[in-house]
Amino acid sequence: MSRASNVAARKVASAALVFAALGDETRLALVSRLAADGPRSIAELSAGASVTRQAITKHLRALAVAGLARDTRRGRESIWELTPGRLESARSYLDEVSAHWDLALGRLRAFVEEP
Amino acid sequence: MSSSTTADRIEKRITLRAPRTRVWRALSEASQFGAWFGMKFEGPFEAGKTIRGNITTRGYEHLSVELRVERVEPEQLFSYRWHPYAIDAEHDYSAEPMTLVEFRLSETTGGTELSIVESGFERIPADRRAEAFRMNDGGWSAQLKNIERYVAGV
């Protein structure tokens with residue numbers, strides 16, 4: 001395998017990881033929650049959730065593996081937050097709206113393409 | 001998916017592996033639109049009518065949305081006006097300008113091409129833009145941009 005195709009293969013693997021991480025209702029809800037509310041403890045994220053605290057922890061770890069979220073210790077607690085992206089400074093209002101359309105269109109695709 | 005954003009409009013183009021009739025129903029029937037968009041509407045979409053809906057996405061259930069349906073041209077065009085990014089339940093958006101969202105369908109090999117244009121952003125007040133920016137200080141869209149870049153770069 002050439003060096004270029006190796007790099008391409010790694011990019012595909014990395015993108016697949018992010019898509020897989022977001023392709024779950026609980027994890028998507030966690031990402032939305034962290035985006036809206038900022039850093040939160042596992043206890044806070046589990047409150048009112050329909051799944052167990054262990055499940056929330058597992059999902060947060062999956063987000064971390066994909067590079068979407070990270071945790072820091074505060075005393076005995078783990079505080080989770082979304083990982084700021086490198087392009088953060090380039091964000092604008094329209095980028096936000098555009099990103100929401102991307103999410104919505106992904107859901108539309110799943111909706112109309114299902115057998 | 002292709003995407004372009006200028007100062008006043010967002011344009012997206014996506015090819016869906018589904019018949020045009022299927023895509024049209026997913027857009028023009030309020031219950032189907034709500035199913036993928038994450039909203040529940042009080043009635044059907046009708047040209048010239050305003051329809052109210054509630055967000056069903058977890059964490060945003062307290063938000064309601066109003067669509068002013070403009071054009072419903074079967075299997076061709078569905079358009080409406082709304083207040084974009086109206087995510088502050090305390091804020092009254094009713095006096096602010098709306099953007100126009102247009103969905104256009106055309107047949108293509110193996111499926112349906114859908115284009116979406118949201119325009120009219122130049123009239124949205126600057127403080128609203130700043131507010132939306134603050135409320136999303138989570139790096140979330142940056143991650144989406146990263147995904148887009150990964151995929152585009154492959």
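Which residue in β3(A) is the bridge partner of A:Arg73? To find out, keep in mind throughout that this is a predicted model, and begin with chain A.

**Chain A as a whole**

Select chain A and colour by secondary structure: five helices and three strands should appear, and a walk along the sequence meets them in the order α-α-β-α-α-β-β-α. If you switch to a surface, chain A exposes about 6200 Å², of which carbon and sulfur atoms supply 55%. Of the 115 residues in the chain, 42% are buried, and where contacts link residues at least 6 apart in sequence, 49% of them join residues at least 24 apart.

**The strands of chain A**

Select residues 69-74 and then residues 77-82 of chain A, which are β2 and β3; these strands run antiparallel and are joined by six bridges. The opening question is settled here, since in β3(A) the bridge partner of A:Arg73 is A:Ser78. Follow the backbone from β2(A) to β3(A) and you pass through a hairpin with two residues between the strands, where A:Gly75 in the turn has a positive phi of about 65°.

Next add residues 40-41 of chain A, strand β1, which pairs with β3(A) in the antiparallel sense over two bridges. On this side of the pairing, A:Ser41 has A:Ile79 of β3(A) as its bridge partner.

**From A:Ser46 to helix α4**

Move on to residues 42-46 of chain A, helix α3, and pick out A:Ser46 within it. Is A:Ser46 buried or exposed? Its relative accessible area is 14%, and because the cut-off for burial is under 20%, A:Ser46 counts as buried. Apart from neighbours within four places in sequence, A:Ser46 is in contact with A:Arg53 and A:Ile56.

Those contacts lead to helix α4 of chain A, residues 53-65, whose 13 residues reach 19 Å from first C-alpha to last, close to the 18 Å expected at 1.5 Å a residue. Show side chains for A:Ala55, A:Ile56, A:His59, A:Leu60 and A:Leu63, which are buried in α4(A). Turn the view until you look down the helix axis: the buried residues fall within an arc of 140°, so they line one face of the helix. The face turned away from this buried side carries the exposed residues A:Gln54, A:Lys58 and A:Val65. Just after α4(A), stop at A:Gly67, which takes a positive phi of about 80°.

**Chain B and its confidence**

Now select chain B and colour it by pLDDT, for which the mean is 80, with 79% of the residues reaching 70 or more. Confidence is highest in strand β6 (residues 77-82) of chain B, at a mean of 96, and lowest in helix α4 (residues 140-153) of chain B, at 46. Over residues 133-148 of chain B the pLDDT is below 50, although the model gives this stretch 48 contacts beyond near neighbours in sequence. Residues 150-154 of chain B also have pLDDT below 50, with seven contacts beyond near neighbours in sequence. Where pLDDT is low, predicted coordinates should not be read in detail.

For the last residue of the tour, select B:Glu75, in the loop between β5 (64-73) and β6 of chain B. B:Glu75 is not a glycine, yet has a positive phi of about 60°, whereas most residues other than glycine have a negative phi. With a relative accessible area of 26%, B:Glu75 is partly exposed.

Finally, for the complex, the predictor gives an ipTM of 0.73 and a pTM of 0.58.

Conventions:
Residues are numbered from 1 along each chain as its sequence is written. Chains are lettered from A and ligands numbered from 1 in the order in which they are written. Side-chain values use heavy atoms; hydrogens and water are left out. Helices (H or I, at least four residues) and strands (E, at least two) are DSSP runs, numbered from the N terminus. Buried means under 20% relative accessible area, exposed over 50%, partly exposed in between (1.4 Å probe, protein chains only). Contact means heavy atoms within 4.5 Å. Accessible areas come from the Shrake-Rupley method with a 1.4 Å probe; for residues, only the protein chains shown count as cover. The expected span of a helix is 1.5 Å times one less than its number of residues. The arc is that of the directions from the helix axis to the C-beta atoms. Two strands pair if DSSP finds at least two bridges between them. pLDDT is the predictor's confidence in each residue, from 0 to 100.
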